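Got the viewer open? Let's take a short walk, one selection at a time.

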Amino acid sequence: MIEQTLFIIKPDAYKEKLVGKIVTKIEESGFKIIKMTLKKLTRKEAENLYYVHRDRDFFEPLVLFILEAPIIALILERENAIEHLRGVIGKTNPKESEPGTIRALYGTNKSRNAVHASDSKESFIREVSVLFPSYSIT
Ligand code: CMP
């Protein structure tokens with residue numbers, strides 16, 4: 001089934017000038033770019049993006065990190081996009097990620113892990129509403 005997912009290149013990767021390499025890997029993994037924007041989030045947008053983590057002890061550092069620099073947000077499409085992209089990016093902790101995954105290649109630790117991908121259709125819908133508020137999901 002062709003589906004869409006949301007992908008974020010985080011401030012650590014942006015500051016290290018890794019955007020081009022990461023987008024190339026995404027395209028080489030069979031994704032079509034539907035939308036792409038560079039955006040400096042507001043505090044409110046950052047809190048909304050990470051709403052599900054609001055009660056975790058890492059919430060405040062997570063919000064401060066995502067506000068460090070612009071992010072690049074993309075809506076991507078391919079067969080089985082959500083699950084496939086999770087495989088391409090690797091685990092939350094780059095040190096536990098498969099070699100060759102984006103986080104293994106470019107992440108530093110659990111907090112500064114270079115990229116994000118929606119983990120479900122529900123997350124995709126919520127994340128799109130924060131990052132692409134005028135986009136209507138079909
Ligand atoms: P992401 O895929 O963007 O979704 C939520 C983020 O929370 C996750 O990547 C990590 O960067 C961060 N995160 C999850 N667990 C932890 C943790 N135990 N410590 C610090 N950050 C975490």
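How many Å separate an oxygen atom of the ligand from an N or O atom in the side chain of Tyr50? Select the ligand and Tyr50 together to find out: the gap is 3.1 Å. Keep in mind as you click around that this is a predicted model.

Now add Lys10, where a side-chain N or O atom lies 2.7 Å from a ligand oxygen. Then pick Asn113; here the distance from a side-chain N or O atom to an oxygen of the ligand is 3.4 Å. Switch on a surface next: on its own the ligand has 450 Å² of accessible area, and the protein covers 81% of that.

Time to show the whole shell. Besides those three, the residues surrounding the ligand include His53, Phe58, Leu62, Thr92, Arg103, Lys110, Ser111 and His116. Colour the shell by class and you get three nonpolar, five polar and three charged residues.

Next stop, the space itself. The ligand sits in the largest pocket, which has a volume of about 560 Å³. Its lining is made of 22 residues, and Tyr50, His53, Phe58, Leu62 and Thr92 are the ones nearest the pocket's centre. Colour this lining by class too: eight residues are nonpolar, six polar and eight charged.

Finally, switch to a cartoon view and select helix H4 (59–66), strand S4 (115–117) and helix H7 (121–131). Each of these elements supplies at least two residues of the lining of the largest pocket.

How values were computed
Residues are numbered from 1 along each chain as its sequence is written. This is a predicted model: local features need pLDDT of at least 70, side-chain atom pairs count only at pLDDT 80 or more; totals for chains, interfaces and linings use all residues. Side-chain values use heavy atoms; hydrogens and water are left out. A residue is near a molecule or strand if one of its heavy atoms lies within 4 Å of it. A polar contact is a pair of N or O atoms within 3.5 Å; within protein, one must be able to donate a hydrogen and the other to accept it, and residues adjacent in sequence count only if both atoms are side-chain atoms. Accessible areas come from the Shrake-Rupley method with a 1.4 Å probe; for residues, only the protein chains shown count as cover. On a 1 Å grid over the protein atoms alone, a cavity is a set of points where a 1.4 Å probe fits but cannot get out, and a pocket is an open set with protein on both sides within 12 Å along at least five of seven lines; lining residues have an atom within 4 Å of a point. A molecule sits in a cavity or pocket if more than half of its atoms lie within 2 Å of its grid points. Ala, Val, Leu, Ile, Met, Phe, Trp, Tyr, Cys and Pro count as nonpolar, Asp, Glu, Lys and Arg as charged, and the others, Gly among them, as polar. Grid points are joined across faces, edges and corners, and a volume is the space filled by probe spheres set on the points. Helices (H or I, at least four residues) and strands (E, at least two) are DSSP runs, numbered from the N terminus.
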